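Colleague: Could you take a close look at one part of this model for me? I'd like to hear about a single strand and what sits around it.

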Amino acid sequence: MKDDCIFCKIATGKIPSATVYEDSHFRVILDINPATKGHCLIIPKEHFDNVYDLDGETAGKLFSLATCIARAMRDALGCEGMNIVQNNGEIAGQTVLHFHLHLIPRYEGDGLQLTWKPNEVGEEELEEIRKAIRKEI
């Protein structure tokens, strides 16, 4: 836990939250500034700045929990879809430097736009990128 991290304080219960689920590894809360009705955050109790710091075991537990929470949200809220969003770094929109996963229920006509304009890329560039990434795995 980091003393100056607001999500560490929320995850460990030092700051109250609208908690929908908690276990020894995670706290799931309702976002206080939701994108849509029922927007939840899954917050690990252990501090990780971002996905680059997350270990495989925690990631596996996190996504297993995300599927459980997403189904519960669908059933309880009647949402028609779900965006699962995770931002890393300021340039990507991360505002709290504690890894967290957004589960955003989607409803017909909710007006939320989470899209991007697709870029075109040639086969040579795709192959160059593929090789560069594979080399680092």
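Modeller: Sure, and keep in mind that this is a predicted model. Let me start from a residue of the core and work towards the strand. Ile69 touches Tyr21, Val28 and Leu103, leaving aside residues up to four places away in sequence. Ile69 is also among the residues with the most contacts inside the largest nonpolar core, a set of 15 residues, and Val28, Ile42, Leu62, Leu65, Leu101 and Leu103 are on that list too. Two or more residues of this core come from each of strand S2 (26–30), strand S3 (40–44), helix H2 (56–77) and strand S5 (101–106). H2 makes the largest contribution, with six residues.

There is another core, lying apart from that one: nine residues, including Ile10, Ala11, Leu41 and Val96. So now look at S3, because five of its five residues are buried, which leaves the strand largely enclosed by the rest of the structure. By buried I mean under 20% relative accessible area. Side chains in a regular strand alternate between the two faces of the sheet. Here both faces are covered: Cys40, Ile42 and Pro44 are buried on one side, and Leu41 and Ile43 are buried on the other. Put that next to the cores: Ile42 is one of the residues with the most contacts in the largest core, while Leu41 belongs to the nine-residue one.

Next, the neighbours along the sheet. S3 pairs with S2 in the antiparallel sense, over five bridges, and within that pairing Leu41 of S3 is the bridge partner of Ile29. S3 also pairs with S5, again antiparallel, this time over three bridges. There, Cys40 stands opposite Leu103 of S5, and Leu103 is the residue we met earlier touching Ile69.

Leu41 turns up once more, at the largest pocket. Along with Phe7, Asp31, His100 and His102, Leu41 lies nearest the centre of that pocket, out of 26 lining residues. The pocket has a volume of about 380 Å³. As for who lines it, helix H1 (6–11), S2 and S5 each supply at least two residues, and H1 gives the most, with three. By residue type, the lining splits into 16 nonpolar, nine polar and one charged.

To pull it together for S3: the strand is buried on both faces, pairs with S2 and S5, and puts Leu41 among the lining residues nearest the centre of the largest pocket.

Key. Residues numbered from 1 in each chain as written. Predicted model: local features only at pLDDT ≥ 70, side-chain atom pairs only at ≥ 80, totals over all residues. Heavy atoms only, no water. Core = buried A, V, L, I, M, F, W, Y, C linked by side-chain atoms within 4.5 Å. Buried < 20%, exposed > 50% of the residue type's maximum accessible area, 1.4 Å probe, protein only. Helix = DSSP H or I, 4+ residues; strand = E, 2+ residues; numbered from the N terminus. Contact = heavy atoms within 4.5 Å. 1 Å grid on protein atoms, 1.4 Å probe; cavity = no way out; pocket = protein on both sides within 12 Å on 5 of 7 lines; lining within 4 Å. Points joined across faces, edges and corners; volume = space filled by probe spheres on them. Nonpolar A, V, L, I, M, F, W, Y, C, P; charged D, E, K, R; others polar. Pairing = 2+ DSSP bridges.
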